[in-house]
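Q: Could you walk me through the cysteines and one of the chain contacts in this model?

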Protein chains: 4
Amino acid sequence: HTDTHLCMPEDARKRANRRLAIARGHLESIQRMLEDPNVYCMDVLRQIKAVQGALQGAAGVVLRGHLEAHVATASERGDAEELIEELLEAMKLTQ
Amino acid sequence: HTDTHLCMPEDARKRANRRLAIARGHLESIQRMLEDPNVYCMDVLRQIKAVQGALQGAAGVVLRGHLEAHVATASERGDAEELIEELLEAMKLTQ
Amino acid sequence: HTDTHLCMPEDARKRANRRLAIARGHLESIQRMLEDPNVYCMDVLRQIKAVQGALQGAAGVVLRGHLEAHVATASERGDAEELIEELLEAMKLTQ
Amino acid sequence: HTDTHLCMPEDARKRANRRLAIARGHLESIQRMLEDPNVYCMDVLRQIKAVQGALQGAAGVVLRGHLEAHVATASERGDAEELIEELLEAMKLTQ
């Protein structure tokens, strides 16, 4: 991408940041679980899965912010094609 | 699961713990990215995707430890059926 | 959605159709594999995975057609918001 | 894998086969949808998603058959390690 890429709205950056902070706290609690010799394998996998879901949610926030800020104005800017390529790449990244 | 669940080997717990510590550091660096008003949406999505890959790796370490510790001895313990149900659930959790 | 939903471009419909035809042929060949008592479990899983990749590709063709036909003209039609909701749902569907 | 790989139980092969037949019929109906110029993009994506779920189910049947036939007897055969590597690969394939 070029230096002229589209910026993320502040609100989306803040909301994504908060979600990542929560995911980070969750990872810390899984690390504490793993210090217990009696931890149950499946419980760890379930907690890791929950964090994956939270990260998916954070990615959704980022993407929604991008779309809301830029789709409606794509034809004015004349960069609809570039936006589409980004969206299709984003789809692969959020899979 | 019952109180008699199978324990995770210490080595697997330690390796999974290390991987989660790295993922946590990675999340922190994404949070710093999000403080920059010029951050690029796609870069954030790529970094979140990388953390998801790391968590997938941590889940793989947990599962491998479980399998290595318990599959070979399933017939002795007589809990092959329970182990299979766990494995099939684990498959869904690591998807 | 309403009766006034946006249509898929003919080209995208044709290309998606061709991909689904190929996936269907692939499924038929996996069914033949499964008639062999000596079929190897992992080979079947690999082939099923390949078909899932092909379906993912077909979904990508559908989505690209939709985006190329409608993003650039969203502000003229005034339905950017609806388009964004669709895109975010599509993301979840192609995961 | 070697020529001495473990066979799939007949029952699992039959059940997987039936599921693939259903998925194939479903793909055929999506192809018919795509012949309609008024087909709605999101409906096609939803149907493709449903087929993906059906294939995931078929893969689950294959894997369950493999596990039920071979985990309990792994220590007798002395191939627990090979079985574990297969399982971990299968996890990746069914993701």
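A: The cysteines come up before the contact between two chains. This is a predicted model, where local features need pLDDT of at least 70, side-chain atom pairs count only at pLDDT 80 or more, and totals for chains, interfaces and linings use all residues. Residues are numbered from 1 along each chain as its sequence is written, chains are lettered from A and ligands numbered from 1 in the order in which they are written, and side-chain values use heavy atoms, with hydrogens and water left out.

Q: How many disulfides over all chains?

A: There are zero disulfides over all chains, a disulfide being a pair of cysteine sulfur atoms within 2.5 Å.

Q: Why is Cys41(A) without a bond?

A: Its closest cysteine sulfur, in Cys7(B), is 11 Å away, which is too far for a bond.

Q: And is Cys41(A) buried or exposed?

A: Cys41(A) is buried, at 0% relative accessible area, where buried means under 20%, exposed over 50% and partly exposed in between, with a 1.4 Å probe and protein chains only.

Q: Switching topic, what area do chains B and D bury?

A: Chain B and chain D bury about 1,700 Å² between them, 72% of it on carbon and sulfur atoms; this is the accessible area (1.4 Å probe) lost on putting the two parts together, summed over both.

Q: How many salt bridges between chain B and chain D?

A: Two salt bridges are counted between chain B and chain D, each needing a side-chain nitrogen of Lys or Arg within 4 Å of a carboxyl oxygen of Asp or Glu. Glu85(B) and Arg64(D) form a salt bridge through their side chains, at 2.9 Å from N to O.
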